[in-house]
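Work through the following exercises with the sequence and the model open. Each task is followed by a solution in steps.

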Amino acid sequence: MSIMYGYSHGKKHASSMTSRGRKSKKLENISKQKKKYPLLAEMIVKMSDIILEVLDSRAIEETRNPEIEELIKKENKKIIYVFNKADLIDYKTISGKTVKLNPKVFVSCVKRSGIKELRDKIKIISTQIKEFSDTRFDRVTVGVVGYPNTGKSSVINILIGKKVAGTAPEAGYTKGIQKAKLTTGIVLLDSPGIIPNKEYSTSDSRLMSQQTKLGARSYNQTKDPETVVSAIVKEYPAVFDKFYNIISKGDAEVLIEKLGRQKGFLKKGNEVNEDRTARFILRDWQEGKIRRG
């Protein structure tokens, strides 16, 4: 990754900048930045003191970004793992490896749970940064990063207590960096969702399917929705049968056929419109209507 700005803590932090004013000036002009999304995320890491990595509780390991995490570690920044959409999972399904990620907070913007715990962790770490830094901190910057559609903007809005960041179920809705004040001394930075470089593809059907499953690629943009549905149904067969009250036993073709007729998604000749039905299923999945486990 290219290095644009070099901010970190302690003595290294002090030597990398002559005053907090330079950082403040960059924040004032941040809305004018028109960089590519990966560069914006990289910029947020370098400009922030604490990073919130927002993950989808239904696919925590899959929505982690190793590239961003490595940069956070390299820059000696603090990280909090935010397991969003916690209302859509059964805590018993969370693996031991994932639970070992610390510090972490399970949150649900829908049920408004875990928010106080997250806010408290941010404040505690912010205080620690100020106490152990040999420079005067007027403001601690908290960057929010993650895959597209993991709910970064929703987390910011509920932390602030009002809508300050634009939200939508559409992947990639956030187009640039947005900032909002959490407290007098803490500012939050929202960023566009980023897919790790090694996982991004516009031609690899396997990677594209994975991105759609995770909500990183919108249901109405995927080229082969039936294949994506097949992959998800194979992984969680009982979930879809229960949600749609249909017996498919993990067979995506049966699910699409029965649901298409149930919804009246038909073409000429009384045939099911498989594309429309598959996209309907993916929309329900991406919008968090289908609970895993």
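**Exercise 1: The sheet**

In β2, valine 82 is the bridge partner of valine 54. The model is a predicted one.

Task: State in which sense β1 and β2 pair and over how many bridges, then place both strands in the sheet.

Solution.
Step 1. The pairing of β1 with β2 is parallel and extends over 7 bridges.
Step 2. The open sheet is formed by 6 strands in the order β3-β2-β1-β4-β6-β5, with mixed pairing. In this order β1 stands between β2 and β4.
Step 3. The edges are taken by β3 (104-106) and β5, each with a single partner strand, so each has one side without a neighbour in the sheet. From one strand to the next the twist averages 25°.
Step 4. β1 (residues 50-56) also runs parallel to β4 (residues 140-146), to which 5 bridges join it. Leucine 52 has valine 144 as its bridge partner in β4.

Task: Name the strands touched by helix α4 and by helix α7.

Solution.
Step 1. Helix α4 (residues 66-74) packs on the sheet and touches β1, β2 and β4. The direction of α4 makes about 150° with that of β2.
Step 2. Helix α7 packs on the sheet as well, touching β1, β2, β4, β5 and β6. The direction of α7 makes about 160° with that of β6.

**Exercise 2: Burial of β1**

Task: Decide whether the faces of β1 are covered or open.

Solution.
Step 1. On one side of β1 lie Ile50, Leu52, Val54 and Asp56, all buried.
Step 2. On the other side Ile51, Glu53 and Leu55 are buried too, and both faces are therefore covered.
Step 3. The count is 7 of 7 residues buried, so β1 is largely enclosed by the rest of the structure.
Step 4. For the whole chain, buried residues make up 52% of the 293 residues.

**Exercise 3: The β5-β6 hairpin**

Task: Describe how β5 and β6 are joined and how they pair.

Solution.
Step 1. Between β5 and β6 there is a hairpin of 2 residues.
Step 2. Strand β5 (residues 178-183) and strand β6 (residues 186-190) run antiparallel and are joined by 5 bridges.
Step 3. Glutamine 178 has aspartate 190 in β6 as its bridge partner.

**Exercise 4: Two helix crossings**

Task: Classify the crossing of α6 with α7 and that of α11 with α12.

Solution.
Step 1. The axes of helix α6 (residues 115-132) and helix α7 (residues 152-160) come within 10 Å and cross at roughly 85°. This angle makes α6 roughly perpendicular to α7.
Step 2. In that crossing Ile115, Leu118, Arg119 and Ile122 of α6 meet Val155, Ile158 and Leu159 of α7.
Step 3. For helix α11 (residues 252-263) and α12, the axes come within 9 Å and cross at roughly 95°. This makes α11 roughly perpendicular to α12.
Step 4. Here Leu255, Ile256, Leu259, Gly260 and Lys263 of α11 meet Glu274, Thr277, Ala278, Phe280 and Ile281 of α12.

**Exercise 5: Two single residues**

Task: Is lysine 85 buried or exposed, and which residues does it touch?

Solution.
Step 1. Lysine 85 lies in the loop between β2 (78-84) and α5 (96-99).
Step 2. Its relative accessible area is 14%. Buried means under 20%, so lysine 85 is buried.
Step 3. Leaving out residues up to four places away in sequence, lysine 85 touches Asp56, Ser57, Arg58, Val107, Asn149, Thr150 and Gln286.
Step 4. Of these, Asp56 is also one of the buried residues of β1.

Task: Locate leucine 282 and give its C-alpha separation from proline 225.

Solution.
Step 1. Leucine 282 is part of helix α12 (residues 274-286).
Step 2. With a relative accessible area of 1%, leucine 282 is buried.
Step 3. Leucine 282 and proline 225 are 57 residues apart along the chain, and their C-alpha atoms are separated by 7.6 Å.

**Exercise 6: Confidence**

Task: Identify stretches that should not be read in detail.

Solution.
Step 1. The chain has an average pLDDT of 76, and 69% of the residues score at least 70.
Step 2. Over residues 1-19 the pLDDT stays under 50, and the model has 50 contacts beyond four places in sequence for them.
Step 3. Residues 26-35 also have a pLDDT below 50, with 17 contacts in the model beyond near neighbours in sequence.
Step 4. Where pLDDT is low, predicted coordinates should not be read in detail.

Methods:
Residues are numbered from 1 along each chain as its sequence is written. This is a predicted model: local features need pLDDT of at least 70, side-chain atom pairs count only at pLDDT 80 or more; totals for chains, interfaces and linings use all residues. Side-chain values use heavy atoms; hydrogens and water are left out. pLDDT is the predictor's confidence in each residue, from 0 to 100. Contact means heavy atoms within 4.5 Å. Two strands pair if DSSP finds at least two bridges between them. Helices (H or I, at least four residues) and strands (E, at least two) are DSSP runs, numbered from the N terminus. Buried means under 20% relative accessible area, exposed over 50%, partly exposed in between (1.4 Å probe, protein chains only). Axes are lines fitted to C-alpha atoms, for helices over the stretch in contact, and angles run from 0 to 180 degrees between N-to-C directions. Angles under 35 degrees count as roughly parallel, over 145 as roughly antiparallel, 65 to 115 as roughly perpendicular and the rest as oblique.
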